Amino acid sequence: MNPFLLIPAHVLAVWRRNFLVWKQLAGASMLGNFGDPFLYLLGLGYGLGSYIGDMGGIPYMAYLASGILCSSAMNTATFESLYSAFTRMNQQGTWESMLATPVRITEIIAGEQMWAATKSLISGTAIFLVAGLLGGIQQWETALLALPVIFLIGLAFAGPALAICAISPSYDFFLYYFTLAVTPMFLFCGVFYPIDTLPAFVQMLAQILPLTHAVALIRPLLTEMPLTMPWLHIGVLALYAVAGFTLAARLAARRLLR
Amino acid sequence: MNKAVVSAKGVRKTFGDREVVCGIDFDIQPGICFGILGPNGAGKTTLMRMLLGLSPVTAGDYSIFGRGVSDASIHSRVGVVPQQDNLDPDFSVRLNLKVYAGYFGISAKDAEPRIEELLEFAALTSRGNDQVSALSGGMRRRLMIARALINNPDLIVLDEPTTGLDPQARHLIWQRLRSLKSRGKTLILTTHYMEEAAELCDELMVLDRGSILTRGTPRTLIAEHVEPEVVAIRGLHNELDAIELCEGLDIRRDHVGDTWFCYGIDARPLVARCSERAELTFIHRPASLEDVFLKLTGRDMREEA
């Protein structure tokens, strides 16, 4: 039997387990989802925005809101796939308890990845609403299309993060990933300013990172900026999602099935 | 046709150069409780992990119900009680069972009556809505057994089911396991407690260093490997003293720490001699599995133990 053939019911059962845990603490979790980006948008969007005025031809609040939406989808999926998944894999034995059932390791990884993307969608929806209230959304006709894209962004970041989780000896290890991957993306992939202001080689580097493509999709959907090459951006995000899944499934199998 | 629930032929496991399971063969027939004994490092855990598909088999044929152990779909007929507590700490007792049922594709509607039945079986009905963290060690273990039964399995695999429990909790679990056997389930368990093995198992397999030392019923193992009576004596000065004490009697001696174990068909003359020496403390008892185990796997303390 092909190990990469997934049984949807198994993937869904893994997803559902995480959803039920989240549901019990949804209030506190949602507060965090709203709180952080709300402060960013207020602080930078209004504060910095009143100095900057327009950026890329649109008001800075709208520019920033779409960027924060992407970076928060990245952060949410990454956190879930590193810290929370590690707790389930290493501390609580949750994955091992699933492996005693017909659920296989590939299905666990797929379920985790889907769940992390779902959390991105939950927090993304929260920011979407906040951004709407603060005037960060210019185009309501296409804005709703951002929601499925946020789910895809979640998948694209959850995959690689699960691979890191699968090789991590402890929680401390995740700091490297944040310093070397997440923070640089946050700062250099067009969340706060257009990447064409960067030196050419940094721009090239930014082009291979998923957050750049996330921003390139989301910003035109929310604002009046034109959408260019959507399939390229979707393709890059999908590639990260699939490659991350494949790698994570292999590494998790190597770690748990010894 | 081979009706064995579990069948192992030449099962081998190596980690690098280290051979942990050295090509072993055994069958487990349906409806029995099969015990796997052995000191730490004997290969019990690896053998169990391979059985559950948690560890790839290096070589040999290892199957459950005639299907290779790497096929996860056989888990729909297997229940697992792991040694490590891996209940979901975020869920109540009931929700633990409900979520676990989901992994087997059992719908919430079908799971509900089953869950109530299992809570009753595990004597946890009144704790159904409690968080798992509020349960005692014995209750958690019972919940793990209940969880392993959610899919109504034909084979139940238990890894040291009563380690760390007090005697009351242990007896309650033994009683539950016996009732499972009486319903025709096949049980496989590993244990360090010879009393547990004697109490529950129809058939035993003693492992050491990755190989089978012996197998049989508890009764035949005792009859085959040790004399029926044992006198355990403390207070002897040295080996010479022990030789003197047993002089002229048909006694086999074994010595661990400060205790001499003397085995014989009739130990009464030795007991009489011991009674005459006030400085000796001794116990006269029938031979048990513990004696078999220690004889086969060695009385010496092991570094890896």
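# Two chains, seen from one residue outward

User: Leaving aside its neighbours within four places in sequence, which residues is B:Leu204 in contact with?

Analyst: This is a predicted model, in which local features need pLDDT of at least 70, side-chain atom pairs count only at pLDDT 80 or more, and totals for chains, interfaces and linings use all residues. Residues are numbered from 1 along each chain as its sequence is written, while chains are lettered from A and ligands numbered from 1 in the order in which they are written. Two residues are in contact if their C-beta atoms, placed from the backbone, lie within 7 Å. By that rule, the contacts of B:Leu204 outside its sequence neighbourhood are B:Gly35, B:Leu37, B:Ala197, B:Arg215, B:Gly216, B:Pro218 and B:Leu221.

User: Does B:Leu204 count as buried or exposed?

Analyst: B:Leu204 is found in strand S9 of chain B; helices (H or I, at least four residues) and strands (E, at least two) are DSSP runs, numbered from the N terminus. A residue is buried if 20 or more other C-beta atoms lie within 10 Å of its own, exposed if 12 or fewer, and partly exposed in between, with C-beta atoms placed from the backbone. Because B:Leu204 has 24 C-beta neighbours inside 10 Å, this residue counts as buried.

User: In which order do the 6 strands of the open sheet in chain B follow one another?

Analyst: Two strands pair if DSSP finds at least two bridges between them. In chain B the pairing in this open sheet is mixed, and the 6 strands stand in the order S6-S7-S8-S3-S9-S10.

User: Which strands of chain B stand at the edges of that sheet?

Analyst: An edge strand here has a single partner strand, so one side of it is left without a neighbour in the sheet. In chain B this holds for strand S6 (78-81) and strand S10 (211-216).

User: And what is the average twist from one strand to the next?

Analyst: Axes are lines fitted to C-alpha atoms, for helices over the stretch in contact, and angles run from 0 to 180 degrees between N-to-C directions. From one strand to the next, the twist averages 15°.

User: Which residue in S8(B) stands opposite B:Ile156?

Analyst: Strand S7 (residues 155-159) and strand S8 (residues 186-190) of chain B pair in the parallel sense over 5 bridges. Opposite B:Ile156, in S8(B), stands B:Leu187.

User: How many of the 8 residues of H1(B) are buried?

Analyst: Helix H1 (residues 44-51) of chain B lies across strand S3 (33-37), S7, S8 and strand S9 (203-208), running at about 145° to S7(B). Its buried residues are B:Lys44, B:Thr46, B:Leu47, B:Met48, B:Met50 and B:Leu51. H1(B) is therefore largely enclosed by the rest of the structure, and the number of its 8 residues that are buried is 6.

User: Is the angle between H7(B) and H10(B) parallel, perpendicular or oblique?

Analyst: The axes of helix H7 (residues 218-225) and helix H10 (residues 289-297) of chain B come within 9 Å and cross at roughly 55°. Angles under 35 degrees count as roughly parallel, over 145 as roughly antiparallel, 65 to 115 as roughly perpendicular and the rest as oblique. The crossing angle therefore makes H7(B), relative to H10(B), oblique.

User: Which residues of H7(B) make the contact with H10(B)?

Analyst: On the side of H10(B), the contact involves B:Leu289, B:Val292, B:Lys295 and B:Leu296. On the side of H7(B), it is made by B:Pro218, B:Leu221, B:Ile222 and B:His225.

User: What is the phi of B:Glu160, which is not a glycine?

Analyst: Most residues other than glycine have a negative phi. B:Glu160 lies in the loop between S7 and helix H5 (167-182) of chain B, and it counts as buried because it has 20 C-beta neighbours inside 10 Å. Its phi is nevertheless positive, at about 45°.

User: Where is B:Arg209 found?

Analyst: B:Arg209 also has a positive phi of about 45° although it is not a glycine. With 15 other C-beta atoms within 10 Å, B:Arg209 is partly exposed. It is found in the loop between S9 and S10 of chain B.

User: Which helix gives the largest share of the side of chain A that touches chain B?

Analyst: In all, 21 residues of chain A are in contact with 20 residues of chain B. Helix H1 (8-24) and helix H4 (94-99) of chain A each supply at least two residues of the side that touches chain B. The largest share, 7 residues, comes from H1(A).
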